[in-house]
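Trainee: I'm new to this one and would like a close look at a single part: the bound ligand and what sits around it. Could you walk me through it slowly?

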Amino acid sequence: MIQAEFVISAVSTSDFPREGIPEIVFAGRSNVGKSSLINRLAGNAKLARTSSTPGKTQSINFYRIHGAFFFVDLPGFGYAKAGKFAVQQWKKLIEKYFENRPTIVLVIQLVDSRMPPTNLDFRLSEWLAKLKIPRMLAATKSDKLSNNQRSAAMRAIAKSFGVQSLIMSSAETGAGCKEIWKQVLQAIAVLESAKG
Ligand code: GTP
Ligand code: MG
């Protein structure tokens, strides 16, 4: 049983928690399945709110796991119906978040396994590299693909990001979740050992 609790829905930097515990961030396009994956990993379908309507998560939501670290659910980007102002606000908040959080130990960057990644996905990837924030890539909703489609999608997406491999995940079946947990725990261990 995983102990998970909602902490805060941050709409400005002053809302960000100050505990200084490690943060695992879920980032990606609107509707890609960030909140659903958090729920699956935490084993609690009601933890983060999900919706088939894109743009469900509009603030930065912090969930404390085992009292020891945060899962951070970001609002999705690329939501066509969001107004210019909302997009600007989103950008500002996310930029401030990534640029001022030394406690971020890992960003789980999600892309949809059924669609080619977009420019926004590549820009996020480049930006995280520039900020030297560790990132793992996962392709969501892999349950919607056949085995053949899955391996083809995995190769194509990895190639487009210039990486060797990535995780094919599903909030529906739990595929890939074991590997994601493994990397989450490794990322936290690295921070702990750096602290001494
Ligand atoms: P925003 O909060 O709008 O940025 O979206 P999000 O990335 O948090 O997506 P969310 O988890 O709300 O999921 C969007 C839709 O995709 C919902 O209808 C989910 O049920 C569905 N979904 C998410 N993950 C999976 C998955 O692994 N498999 C399938 N089949 N559906 C999924
Ligand atoms: Mg969400």
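Mentor: Sure, let's start right at the ligand. A backbone N or O atom of N31 lies 2.9 Å from an oxygen atom of ligand 1. Keep in mind as we go that this is a predicted model. Two side chains come in as well: K141 has a polar side-chain atom 3.0 Å from an oxygen atom of ligand 1, while an N or O atom in the side chain of D143 is 2.7 Å from a nitrogen atom of the ligand. Taken alone, ligand 1 exposes 660 Å², and the protein buries 88% of that. In total, 22 residues surround ligand 1, and the closest are K34, S36, T57, D143 and A171.

K34 is a handy way into the next piece, since it is among the buried residues of helix 1, along with S35, L37, I38, N39, L41 and A42. Seven of the nine residues of helix 1 are buried, so the rest of the structure largely encloses it. Who does the packing? The buried residues of helix 1 pack against strand 1, strand 2, strand 3, strand 4 (69–73), strand 5 and helix 5. Just after helix 1 comes G43, with a positive phi of about 65°.

Carry on along the chain and you meet S59, in the loop between helix 1 (34–42) and strand 3 (60–65). Is S59 buried or exposed? With a relative accessibility of 10%, S59 counts as buried, because the cut-off for that is under 20%. Its side chain makes a polar contact with the side chain of S9, at 2.5 Å. Setting aside neighbours within four places in sequence, S59 is in contact with S9, A10, V11, D73, L74 and P75.

Another serine makes a nice companion to that one. S12 sits in the loop between strand 1 (4–10) and strand 2 (23–28), and S12 is partly exposed, with a relative accessible area of 28%. The side chain of S12 makes a polar contact with the side chain of S14 (2.9 Å).

Now for helix 5, which we met as one of the partners of helix 1. Helix 5 covers residues 177–195, and its 19 residues reach 27 Å from first C-alpha to last, close to the 27 Å expected at 1.5 Å a residue. Its buried residues are C177, I180, W181, V184, A187, I188 and L191. Looking down the axis of helix 5, these fall within an arc of 125°, so they line one face of the helix. On the other side of helix 5, you'll find K178, V190, S193 and A194 exposed.

Helix 4 (residues 147–161) is worth a look too: it has 15 residues and reaches 21 Å from its first C-alpha to its last, close to the 21 Å expected at 1.5 Å a residue. A153, I157, A158 and F161 are the buried residues of helix 4. Down the axis of helix 4, those buried residues fall within an arc of 125°, so they line one face. What covers them includes strand 5 (104–112), helix 3 (119–130), strand 6 (135–140) and strand 7 (167–168). Over on the other side of helix 4, N148, R155 and K159 are exposed. Helix 4 is followed by G162, whose phi is positive, near 70°.

Notes. Residues are numbered from 1 along each chain as its sequence is written. Chains are lettered from A and ligands numbered from 1 in the order in which they are written. This is a predicted model: local features need pLDDT of at least 70, side-chain atom pairs count only at pLDDT 80 or more; totals for chains, interfaces and linings use all residues. Side-chain values use heavy atoms; hydrogens and water are left out. Helices (H or I, at least four residues) and strands (E, at least two) are DSSP runs, numbered from the N terminus. The expected span of a helix is 1.5 Å times one less than its number of residues. Buried means under 20% relative accessible area, exposed over 50%, partly exposed in between (1.4 Å probe, protein chains only). The arc is that of the directions from the helix axis to the C-beta atoms. Contact means heavy atoms within 4.5 Å. A residue is near a molecule or strand if one of its heavy atoms lies within 4 Å of it. A polar contact is a pair of N or O atoms within 3.5 Å; within protein, one must be able to donate a hydrogen and the other to accept it, and residues adjacent in sequence count only if both atoms are side-chain atoms. Accessible areas come from the Shrake-Rupley method with a 1.4 Å probe; for residues, only the protein chains shown count as cover.
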